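Dear colleague,

I am passing on the structure we spoke about, and below it I have set out what I found when going through it. Please read the notes with the structure open beside you.

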Amino acid sequence: MLKLYTDAAPSIGFGGVFQKELFAEKWPHKFANLASGSNSSALYQADPVLLGSAWSHKRIVIFCDNEAAVSITNNGISRCPTIMSVLRRLIWQSVIHNFIIKAEHIPGYVNTVADSLSRFRLQAFRRLCPAANLDPTPCPALSEIVLN
């Protein structure tokens, strides 16, 4: 089982860590335009979980401090069309790469490692997770995240 901790700061960026792999990026301008139309912070939380091929043949538990994103991930449905386009991509990736994904809510004050990445507090991250890789894993482009 692979444990993934994610966090998103809508005004800054997103980040996460699984095993020794880490990712942290600022939101692309195109994503900000897409997210502004959705009127949902859950969209920001959904984006960091799309790293598909790295999870081939695995069970993944995503720990997230956004209850709406946890519910959307576990139930596979949202009223927001933009979130549904991201969710369709996640489901498609899970079929192609043969992985099972489940989300669990954790309080924000417990999610300190991912929180430090989403806010680019890299010194704090290194103190909390010194064994992590030095270089972040590249995140997929926006065009790879949205499935229409």
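In which helix is Val95 found? Val95 belongs to helix H4, which covers residues 81-96. Before going further, please keep in mind that this is a predicted model, and that the statements below should be read in that light.

To stay with Val95 for a moment, its relative accessibility is 57%, and because exposed means over 50%, this residue counts as exposed. Val95 also takes part in a nonpolar surface patch of about 400 Å², which it makes together with Ile91, Trp92 and Ile96.

As to the chain as a whole, it holds seven helices and five strands, and from the N terminus on these elements follow one another in the order β-β-β-α-α-β-α-α-β-α-α-α. The chain has 148 residues, of which 49% are buried, and its accessible surface comes to about 8,000 Å², with 54% of that belonging to carbon and sulfur atoms. Among contacts with a separation of 6 or more, 70% are between residues that lie 24 or more positions apart.

Turning to the interior, the largest nonpolar core has 23 residues, and the members that touch the most other members are Leu4, Trp55, Ile60, Ile62 and Ile101. At least two residues of this core come from each of strand S1 (2-9), strand S2 (13-18), strand S4 (59-64), helix H3 (67-75), H4 and strand S5 (100-105). H4 gives the most to this core, namely four residues, and H4 is also the helix in which the exposed Val95 is found. Apart from this core lies another one, made of eight residues, including Val17, Leu117, Phe125 and Ala132.

Strand S1 deserves a separate paragraph. Why can S1 be described as largely enclosed by the rest of the structure? The reason is that six of the eight residues of S1 are buried. S1 is paired with two strands that I would like to point out: it is joined to S4 by four bridges, the two running parallel, and to S2 by six bridges, the two running antiparallel. In the pairing with S4, Tyr5 stands opposite Phe63, while in the pairing with S2, Ala9 stands opposite Gly13. S1 and S2 form a hairpin, with three residues between the two strands.

With best regards

Notes
Residues are numbered from 1 along each chain as its sequence is written. This is a predicted model: local features need pLDDT of at least 70, side-chain atom pairs count only at pLDDT 80 or more; totals for chains, interfaces and linings use all residues. Side-chain values use heavy atoms; hydrogens and water are left out. Patches are made of residues with over 30% relative accessible area and no salt bridge: like charges are joined within 9 Å, nonpolar side chains (Val, Leu, Ile, Met, Phe, Trp, Tyr) within 5 Å. Accessible areas come from the Shrake-Rupley method with a 1.4 Å probe; for residues, only the protein chains shown count as cover. A salt bridge is a side-chain nitrogen of Lys or Arg within 4 Å of a carboxyl oxygen of Asp or Glu. Buried means under 20% relative accessible area, exposed over 50%, partly exposed in between (1.4 Å probe, protein chains only). A nonpolar core is a set of buried Ala, Val, Leu, Ile, Met, Phe, Trp, Tyr and Cys residues joined through side-chain atoms within 4.5 Å. Contact means heavy atoms within 4.5 Å. Two strands pair if DSSP finds at least two bridges between them.
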